[in-house]
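Biologist: Please take me through one part of this model up close, and spell out your terms as you go.

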Amino acid sequence: MRNKSLSFGQHRTGGRRLAAAFCNAAGILILISVIATCLPVTVPKFLGYEIYHVVSGSMEPEIPVGSVIYVEAAPPESISEGEIIAFVKGDSVVVHRVEDNQIVEGEFTTKGDANEKADVNSVPYASVIGRVKAHYPLLGKMLVLYTSNVGKIYAVCFAACGAMFNILASRLRERDNQERAKINIY
């Protein structure tokens, strides 16, 4: 009879160890996924880039709608014909290709790749944010998620679930250790 209870106790603690390992792995994977999805949105900011989400098709096919663009500050005089720049126009940020950099006038002639003609109004140097250094079509959806209030709540809740899995894993390990201590005493 005594061997059966030890065997049963050992079986229960083995199940707890497996559950603890599963909870720990799940918690770590969830936390890593939250951190990994935040990196493309946060790290470039620390490196001095401005991040924008493309909402119009004026630069297609080069930069599809929904893309994320990383814009690096640059002196307007150093920007060449053919480069893509971001600039402020009214309340919007526009991303177009430079057709001509008129250094003497201090302005650019720009054109969207999908547009037939150059932009009607020139872009003054004072409106230029910088040159587009990179663009990633798939990251746009993630940027929208992390910049919306609902997306931020989801990310926090998802991270909290990962932390709770890790807390559960430590509690299961604690119980397992207590159970083993009881078995060793008897």
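Modeller: Helices here are DSSP runs of H or I with at least four residues, strands are runs of E with at least two, and both are numbered from the N terminus. The model is predicted, so local features need pLDDT of at least 70 and side-chain atom pairs 80 or more, while totals for chains, interfaces and linings use all residues. Residues count from 1 along each chain as its sequence is written, and side-chain values use heavy atoms, leaving out hydrogens and water.

Start at helix α1, residues 2–46, where you'll find I35. I35 is exposed, at 52% relative accessible area (exposed is over 50%, buried under 20%, partly exposed in between, with a 1.4 Å probe and protein chains only).

Now for the close look: the largest pocket has a volume of about 230 Å³. A pocket is an open set of points on a 1 Å grid over the protein atoms alone, with room for a 1.4 Å probe and protein on both sides within 12 Å along at least five of seven lines; lining residues have an atom within 4 Å of a point. Its volume is the space filled by probe spheres set on the joined points.

There are 14 lining residues, and V55, S56, V93, V94 and V95 sit nearest the centre. Strands β1 (49–53) and β4 (92–102) each bring at least two lining residues, with β4 giving the most, five. By type, the lining has nine nonpolar residues, five polar and no charged (Ala, Val, Leu, Ile, Met, Phe, Trp, Tyr, Cys and Pro are nonpolar, Asp, Glu, Lys and Arg charged, the others polar, Gly among them).
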